[in-house]
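Work through the exercises below with the sequence and the 3D structure open. Try each task before reading its solution.

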Amino acid sequence: MPPRLPGPQGLRMFNLCIRPAAQPSTPSLLPIIQTANLSRKEKKRRMKQDPYGWAQAQQRKAANMKRREELQKIKDAAWGSPVHGITTPFVESFDTAGQAPLSTPRKDADGNPIEEPHPLPTSPELRNFLLKDEEVEKAIEETYLLTKPLEPEDRTKSDPVLEKKQREEHERHHAKAVAALQRITDLSKGSAKDRRHANIARCVETFGRHKTDETLPNAAPPRVRGVKYEFKPKRAGPDTGSSEVQIAILTAKIRALALALEGYRGHRDKNNKRSLRRMCHKRQRLLKYMEKKERGSGRWQHMIETLGLSPATWKEQISL
C-alpha cells in the first residue's frame, strides 16, 4: 500500500491577494514609555500615607475652590439680570423722569439706609402735560400782557389812586396764577403716564441719531474694504425710529412695570407679567439685530454703557 503523502486539497488552501500591501508606519524615534493610570481611590490612599503632602494638597484644593467662587461671582455680576441688566444712574433717573438730583438709597428691614445717595442725570426743563420750560414761560408772559389793566386814553380824567390799586391787584393775582401754574406743571407731582411721556422724550434726545451722529466719535460701525456704501442723508428732526431709541424706551417701560410687579401682591398680576415678558423679548430681538448691524460702533457702546444692558438681556433664553 503506497504511503499517504500530505498535499493540497484544492485551490481553497491558497489565499491569493492581488491588492498592494499596506506600507508600514514610520517608526517613532521616541522611547516607548508605558504609564498606568491610577484611580482616584488609589491616589488618595498613597497621598494619605504622606500626611504632609496630603495637607498641602488639601490647601491647594481649598485655594482653588475659593478662587473659582470669586470668579463665578464676578461672572454672575457681569452677566446681570434679564430684566434690569446692570442698573446705571440714567436708568435710575427713569423713576422720577429726571427730576430728582440724587438717588433714593436702599434700606434694610428696619428702614435704615444702607448706602449713600449718588447724583443722577436730570432734565429740569421737562414739565407735566408734555410741556417744557420755554413754553410755560412764554405762556406766562402772554397771560400777563392779556390780563394787564388798560391805561385810560385821557390822562386828565384818570384817577392815580385807582390805577395804582388796579396794578397792585393785578400783580397779586398774576403771582397767584404763576404759583398755581408751577404746581400744576410740576412733573414730580404727575402720574405714571406723564413720567412715561417725559422718559420717552429724554430717550429720543439722548439716543436719537440726529444728536449722536454729531456728538459721539465714530458713531457709525467701521467700514469694510471693497464694499460700496450708499450715501445716507442727514436725519432731520427728532429720531424716534432707530433701534437704540426703541431699546431705550422699552428699557424705561420695563423698569416701571418690573418695579410695580415687585410691590405688594405683584406676583398675582399675571396679565402684567405677560406684558413684561413680551417687552423683554422684543428688546432682546432689537438688541440682537443691533449687535449684528452696529457692533463696534460708538452708538452700540454708548447705549450699552448708558442703559446698563448686560449679556443676560439679549443672550440665551429669557425666562421670568
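## Exercise 1: A serine in a loop

Serine 297 lies in the loop between α9 (270–294) and α10. Helices are DSSP runs of H or I with at least four residues, strands are runs of E with at least two, and both are numbered from the N terminus. The model is predicted: local features need pLDDT of at least 70, side-chain atom pairs count only at pLDDT 80 or more, and totals for chains, interfaces and linings use all residues. Residues are numbered from 1 along each chain as its sequence is written, and side-chain values use heavy atoms, with hydrogens and water left out.

Task: is serine 297 buried or exposed, and what does its side chain reach?

Solution.
1. Buried means under 20% relative accessible area, exposed over 50%, and partly exposed in between (1.4 Å probe, protein chains only).
2. Serine 297 has a relative accessible area of 4%, so it is buried.
3. Its side chain reaches the backbone nitrogen of tryptophan 300 at 3.4 Å.

## Exercise 2: Classifying ring pairs

Task: decide how the rings of tryptophan 300 and tryptophan 314 are arranged, and do this also for phenylalanine 90 and phenylalanine 94.

Solution.
1. Rings of Phe, Tyr and Trp (its six-membered ring) pair if their centres lie within 6.5 Å; planes under 30 degrees apart count as stacked, over 60 as edge-to-face and the rest as tilted.
2. By this rule the count comes to three aromatic pairs.
3. For phenylalanine 90 and phenylalanine 94, the ring centres are 5.2 Å apart and the planes stand at 75°, so this pair is edge-to-face.
4. Both phenylalanine 90 and phenylalanine 94 are buried.
5. For tryptophan 300 and tryptophan 314, the centres are 5.5 Å apart and the planes stand at 80°, so this pair is edge-to-face.
6. Tryptophan 300 is in helix α10 (residues 298–307) and tryptophan 314 is in the segment after α10, 14 residues apart.
7. Both tryptophan 300 and tryptophan 314 are buried.
8. Phe90, Phe94 and Phe207 form one aromatic cluster.

## Exercise 3: Salt bridges

Task: how many salt bridges does a search of the whole structure find, and which residues are linked in a network of salt bridges?

Solution.
1. A salt bridge is a side-chain nitrogen of Lys or Arg within 4 Å of a carboxyl oxygen of Asp or Glu.
2. The search finds 13 of them.
3. One joins glutamate 70 and arginine 67 (3.4 Å, N to O).
4. These two residues are three apart in helix α2 (residues 51–79), and so about one helical turn separates them.
5. An α-helix has 3.6 residues a turn, so residues three or four places apart point the same way.
6. Glutamate 70 is partly exposed at 35% relative accessibility, and arginine 67 is partly exposed at 46%.
7. Another salt bridge joins arginine 299 and glutamate 294 (2.9 Å, N to O).
8. Arginine 299 is buried at 10%, and glutamate 294 is buried at 9%.
9. The network links Arg209, Asp213, Glu244, Glu294 and Arg299.

## Exercise 4: A helix and its surroundings

Task: what span does helix α8 reach, and how many of its residues are buried?

Solution.
1. The expected span of a helix is 1.5 Å times one less than its number of residues.
2. Helix α8 (residues 243–261) has 19 residues and reaches 26 Å from its first C-alpha to its last, close to the expected 27 Å.
3. Of these 19 residues 14 are buried, so α8 is largely enclosed by the rest of the structure.
4. In the protein, buried residues make up 24% of the 320 residues.

Technical notes:
A polar contact is a pair of N or O atoms within 3.5 Å; within protein, one must be able to donate a hydrogen and the other to accept it, and residues adjacent in sequence count only if both atoms are side-chain atoms.
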